[in-house]
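Colleague: Please take me closely through one part of this model, a sheet and what lies against it, and then show me what the rest of the chain offers for comparison.

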Amino acid sequence: MTTITDTLVVVPLENKVLLPSVVLKLSLKGKDALTLTRKHLRANEQRKPTYIACIPYKEKVTPNGKDGGENLIRLEDKEKLYEYGCSARIIRVQRSGLGVVTVFVEGISRFKVSRYITDGDNPLLVKAEYLPEKPDEQNTDEFIAFKALVREFLTKMKDLQMPETLIQQLTKLIDSVSPPVLADLLVSVIETSFEERLDMLSTTNLKDRVLKISEQVHSSVQGKLSKKQREFYLRQQLETIKKELGETDSSVKEEDELEQLARKISEAELSEEANTVAERELGRLKKLQPASSEYAVARNYLELLADLPWNKKTDDIVDIAESKKQLETDHFGLDHVKKRIIEYLSVIKIKGDLKAPIICFVGPPGVGKTSLGKSIATSLSREFHRISLGGVRDEADMRGHRRTYVGAMPGLIVQGLRKCKVNNPLFLLDEIDKLAHSSHYGDPSAALLEVLDPEQNNSFSDHYLNVPFDLSNVLFIATANSLETIPEPLLDRMEVITLNGYTFEEKLHIAKAHLLPKQLRAHGLEQDQVVMEDNVFLKIAENYTRESGVRSLERTIASVVRAKCVELADLRECNKESEYNPVVDLKDVEEILGMAYYEKEVIEREPLPGVVTGLAYSGSGNGGILFVESTKMPGRGDLQLTGHLGEVIKESAHLALTWVKSNAHILKLVSNEHDNLVDKYDIHIHVPGGAVPKDGPSAGVTLVSSLVSLFSGYHVPPTTAMTGEISLRGQVLPVGGIKEKVVSAHRAGIRKIIIPYRNRKDVEQDVPEKLREDIEFVFAKNIWDVLESALILKTSGKWNTRIYESNL
């Protein structure tokens, strides 16, 4: 053995202890570390070893996160060091960053600190007193018992499926190294505390050291190793063992990772078919070279199989009272949605299990479809995962790519399950109406047919996974703005629940209870630092926003809160915070937001013959009012239609003119029943807003009223609106979108609405009570009811003849 000098450079160890024959990695920084590195490189060129003294601190040191390594110690800090250390030989040095070097050292011999030496600014040196180790008899009873105990420990490791390579290396070391050296090596493998390692370093008697490590090994054998301990073994450095056996690091590491992968697969509780595939792929993987391209593909596939939640699920906590409270807290209104969720929970509570419904929320933007999905997941105690389908155009995004392609990936459904780690999450399929339709990439909406079919999705097959997976426990909730772009077969699989726009009263409650507190938290203000009365919220909602949801309302409230933030910050800088006024009144709103963007559309209108207000529905949950204007001019009875009108509304206009002409004498528009009303006139009907396309049958009664008003000279009040389809015989037929039309009419200042009699149930079920109180509803069975309710008639203008509907 090479003689080691007894004067060595001190390298302090933070929370580490180096023992003889053990390899340790150190990170050093600073000028002294670089000097030591240069010294080692010069000695290495001359094939001479470089020795240092590794001395641990007496107590554990709290690591400093911003430092990248350990400084060499100075004389004034020597009292912090332990009285024992270990001389070490530098094996390898490599740079780890700016001013930081990584040094690998191998322990050589224990020593006791005799004294410390310093020489100016040079690193601290130690005078080492090496401890003689008497070569006791190797075959004493204690040493023989120790080796037997280590063999029993290795058997325990094998039972716990520890890496085979680690067990083989330790088995060889039992017979090739002496018990004292084996004892020091086992300290680095077995989970021991910092204090226990210090004790091993200072124990000079060989038998005492062997006895101490025997106790540690015995406790590990007697007690069942925990998962934490097993992970600890896997992470322990075994560089000394590898060095003794001359084995490379990469092959051992690959074998260990394959063992871990096999363990993960066995713990995943795969289905029988998936388990057969996994075993076949794992056997194939072990025969492949890690550098081959197929190795990465096969390994990624097996990791996916192991990560999927085949049998892991969250327990549904069915507390109906708590779920009701959660839904009421998160959302105002939406009673029909909450009712459906409570029904689902009630059936689960009684029956114990139930196929999850597939629900589709349809409504305009900003009414809370997505946030409602999160609230439902919370009330069910389920994991929540959102899949955005807007613009998805590839069928492989749903079903995954086949593994023959480079960069193949599983579909969005399987990726979501892997992320959730349970097989019964709540999946929110956001914007399902924005899916791209058939293209040369396939049809993603057709791929969803299997996913959203409760009778089929218990064996969903992803192209990448290629084995069936049960989706029947997943609760799917889709959201859409319109049903028109959803294919009929897909729509048939979903239970559609419509979320309509909010009324002003609902917006008022939402703004007070949710939006303002949310914005105050976002801007760092207390609840009492911005105070807004109901009339201020209504002013903002009516004059600065025009939407079915509350997104613009929230942005506008945020503008008000920011303005109050600026005011408060200015006063704080001037030390006048006591002058701050938290109240926002109507005058402040106009100063902060400027002039009102919107006025009630009917207020500025004057009653004119031929001008009638109708109600429209955009199809995406938004309603609105429209004006029908008609005029006559000398001509030959031609009808001209303008305003970007569709085919259906044009047919309604021709239908309306035909009915008026056929009933002109009864309406007292002509003196003789054989006279042609438009014989000498051309008719022009215009619907303002020429850039906006308009279509649908619901403007029929509006067109008739406009023409009758034009020819009779009687006007329709601007606060009266109407909707309904007409037949050639004058019947008023039902139309859709009643709630949206009524809400938009109320928003515009309408106080009287004429609607078809058969839509009465829609008014009573869907229209909020506050709107029913504010608006007078007239339910018309035929066009005569409409005209009598709409036109302001003089007594002399009353019609004597009526056509009644026959019920025979």
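Modeller: What follows begins with one sheet and the helices across it, and then turns to other parts of the chain.

This is a predicted model, in which local features need pLDDT of at least 70 and side-chain atom pairs count only at pLDDT 80 or more, while totals for chains, interfaces and linings use all residues. Residues are numbered from 1 along each chain as its sequence is written, and side-chain values use heavy atoms, with hydrogens and water left out.

The protein chain has 28 helices and 24 strands; these are DSSP runs numbered from the N terminus, helices being H or I of at least four residues and strands E of at least two. The part I would look at closely is an open sheet of seven strands, which follow one another in the order β18-β19-β17-β16-β20-β23-β24 with mixed pairing. The edges are held by β18 (639–642) and β24 (776–780), and because each of them has a single partner strand, one side of each is left without a neighbour in the sheet. From one strand of this sheet to its neighbour the turn is 25° on average, direction ignored, with axes taken as lines fitted to C-alpha atoms (for helices over the stretch in contact) and angles running from 0 to 180 degrees between N-to-C directions.

Within this sheet, strand β20 (residues 720–722) and strand β23 (residues 752–756) pair in the parallel sense, over three bridges; two strands are said to pair if DSSP finds at least two bridges between them. If you wish to find this pairing in the view, start from Ala721, whose bridge partner in β23 is Ile753. Strands of a sheet pair through backbone hydrogen bonds, either parallel or antiparallel.

Two helices lie across these strands. Helix α24 (residues 700–712) lies across β16 (611–617), β17 (623–634), β19 (681–686) and β20, and runs at about 35° to β17. Helix α25 (residues 738–748) lies across β16, β17, β23 and β24, and its angle to β17 is about 75°. On the sequence side, the loop between α23 (647–662) and β19 holds Lys668, a residue other than glycine whose phi is nonetheless positive, near 60°. Lys668 counts as partly exposed, because its relative accessibility is 43%; buried means under 20% relative accessible area, exposed over 50%, and partly exposed in between, with a 1.4 Å probe and protein chains only.

For comparison, another open sheet is formed by five strands in the order β8-β9-β12-β7-β13, where the pairing is parallel. Here β8 (384–388) and β13 (495–498) stand at the edges, and since each has a single partner strand, one side of each is left without a neighbour in the sheet. The average turn between neighbouring strands of this sheet is 20°, direction ignored. Edge strand β8 pairs with strand β9 (residues 426–430) in the parallel sense over five bridges, and in that pairing Arg386 stands opposite Leu428 in β9.

His385 lies 8.4 Å from Lys419, C-alpha to C-alpha, although the two are 34 residues apart in sequence. Lys419 belongs to helix α16 (residues 412–420) and is exposed, with a relative accessible area of 61%. Helix α17 (residues 444–451), by contrast, is mostly covered, with six of its eight residues buried, namely Pro444, Ser445, Ala447, Leu448, Glu450 and Val451. What covers these buried residues includes α15 (395–399), α16, β10 (460–461), β12 (475–480) and α18 (488–492), contact meaning heavy atoms within 4.5 Å.

Towards the start of the chain, strand β3 (residues 51–56) has six of its six residues buried. Both of its faces are covered, with Tyr51, Ala53 and Ile55 buried on one side and Ile52, Cys54 and Pro56 on the other. Strand β1 (residues 7–13) pairs with β3 in the parallel sense over four bridges, and Leu13 stands opposite Pro56 there. The loop between β1 and β2 (23–29) contains Ser21, a residue other than glycine with a positive phi, near 75°.

Taken over the whole protein chain, 48% of the 808 residues count as buried. Of the contacts between residues at least 6 apart in sequence, 75% join residues at least 24 apart.
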